[in-house]
Amino acid sequence: MKEKTLCHAGELFLIEQLQKNFQYNLKSLVAGIGDDAAVIKYGKDYLLFTTDMMLEGVHFDLHYITPYQLGFKLISVNVSDIYAMGGTPMYALLNIALRKKTETSFFNMLFKGIKHALSYYKTILIGGDISAVRKDIYLSATIIGSTTKPILRSGAKEGDKIYVTGYLGESACGLEILKKKGMRVKPSNNLLKRHLMPAARNPDKLKGIATSMIDISDGLLIDLTRLCDESKVGARIYEEKIPVSPQMRKTALSLGLSPLNLAMTGGEDYELLFTAPHNKKIKAIYIGDIVKSERVIIDKLGFKKAFEPKGYQHF
Ligand code: ADP
Ligand code: MG
C-alpha cells in the first residue's frame, strides 16, 4: 500500500486489500471477506458467520444510550448481517471488556438487553470472553446462522430492480435529536427507537426472490456501492423514490438538516437493500434499477448526478 495512513487509504480500500490478500480456493467457502457474513457449505445447508464490534466513543455514547438498549442493539446489529444473507440466526458468542469500576447494575442491564434481543431473534448465547479495560468499553458479538440458499451481495444483474425494506435516515436523525438534547431521553418516537433499539429486518419473504442483498448499516450510498462492487454492476436510483418518513422530514428540517442527505448517507438503519428481477411482484420500496456500469442518482427534474460511496467509514 502506498498510502501513508489508514485514513488516506479509506475503509473500502482497506477491505479490498484484505480481500485480495486472503483469497482461498476452497469448495466449501461460498463467500468470505466481502459479504455481510461468511458462507460455508455444510452438508445440504450453508452456515453463516458474522462478527461486529461496538466501541464506546465510536459507536455509542453512554450519555445517550442505556446499557439495556446497548445490549439489545449489539445483538440486532449482528443479526442484521445474518438476515442480509437470507439466513436465520442460531448461536451467539460475546466478547465484552468493561471498566473495573463499572457498577454491577450496568452489567446486569446490559445482559438483560442482550437476553431480550436473543429471545426476540430466537438465538442462544453459547460463549464468549470477558475482560477489564482501562478506558473505553468494548463490545463484540459473533453470530452463527444458517440458510438453505444464501443471498449474496454479488448476485445483482443488469435489469434487476433495487428495493429497500423501509424508511431511511431514521436512525441518523434519532442520533441528531440525542446530540441536540445532550442526554438520555425516552425513545418516545420512531427516530429515537430506531437509533437506540433497532430491530433487524427479517428476510423470510424475500427468499427465492432477491438476487442480491446487503443490510444498510453505513448508509444507502455506501452500502449500494458495496453491493454494486461485488456484483460488478452499476445502479440508477431515483431521488423521489428514496423513502423518507414525514416525521423524519419534519424533524430533520427543524434541526436544519437535509432529510434526503440523512436518508442517503445516514447509517444504522438496518433496513435491507436488495435487488430482484424486474418482473417480480415485491412488497418493498422500489428505489431504482441495476444498470451496466454508471452509478447515478436521478433528481426530481430528471437530471443525472454520479453518486459517491458517502456514508459512515471508520478510516
Ligand atoms: P458489515 O458492515 O456488513 O459488517 P463491512 O461491509 O463493514 O461489513 O465489511 C466488509 C467485509 O470485510 C465483510 O465481509 C467483513 O467480514 C470483512 N472484514 C472486515 N474487517 C475484517 C477483518 N479485520 N478481517 C477480515 N475480514 C474483515
Ligand atoms: Mg452488513
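This text walks through a magnesium site, a ligand beside it and a buried arginine in a predicted model.

A good place to begin is the magnesium ion (ligand 2), which is coordinated by side-chain oxygens of Asp36, Asp81 and Asp215 at 2.0 to 2.1 Å. Along the chain, these donors follow the spacing D-x44-D-x133-D. Asp36 sits in the loop between β1 (29–31) and β2 (38–42), whereas Asp81 belongs to helix α3 (residues 67–83), so this pair ties together parts that are 45 residues apart in sequence. Asp36 and Asp81 are both buried.

Two of these aspartates, Asp36 and Asp81, also appear in the surroundings of ligand 1, where the other residues include Ile15, Leu18, Asp52, Arg153, Ser217 and Arg226. Sorted by character, the shell around ligand 1 holds three nonpolar, three polar and six charged residues. Among the charged ones, a polar side-chain atom of Asp81 lies 2.9 Å from an oxygen atom of ligand 1, while side-chain N or O atoms of Asp52 and of Arg226 are each found 3.3 Å from an oxygen atom of this ligand. Taken alone, ligand 1 exposes 570 Å², and the protein buries 63% of that area.

Arg153, another member of the shell around ligand 1, is found in the loop between β6 (138–147) and β7 (161–164). Is this arginine buried or exposed? Arg153 counts as buried because its relative accessibility is 11%, which is under the 20% limit used for that term. Beyond its neighbours within four places in sequence, Arg153 is in contact with residues including Gly34, Asp35, Asp36, Met213, Arg226 and Glu230. Of these contacts, Asp36 leads back to the magnesium ion (ligand 2), which Asp36 helps to coordinate.

Note on methods
Residues are numbered from 1 along each chain as its sequence is written. Chains are lettered from A and ligands numbered from 1 in the order in which they are written. This is a predicted model: local features need pLDDT of at least 70, side-chain atom pairs count only at pLDDT 80 or more; totals for chains, interfaces and linings use all residues. Side-chain values use heavy atoms; hydrogens and water are left out. Helices (H or I, at least four residues) and strands (E, at least two) are DSSP runs, numbered from the N terminus. Buried means under 20% relative accessible area, exposed over 50%, partly exposed in between (1.4 Å probe, protein chains only). Contact means heavy atoms within 4.5 Å. Donors are N, O and S atoms within 2.8 Å of the metal (3.2 Å for Na, K and Ca); water is not among the atoms, so sites may look incomplete. A residue is near a molecule or strand if one of its heavy atoms lies within 4 Å of it. A polar contact is a pair of N or O atoms within 3.5 Å; within protein, one must be able to donate a hydrogen and the other to accept it, and residues adjacent in sequence count only if both atoms are side-chain atoms. Accessible areas come from the Shrake-Rupley method with a 1.4 Å probe; for residues, only the protein chains shown count as cover. Ala, Val, Leu, Ile, Met, Phe, Trp, Tyr, Cys and Pro count as nonpolar, Asp, Glu, Lys and Arg as charged, and the others, Gly among them, as polar.
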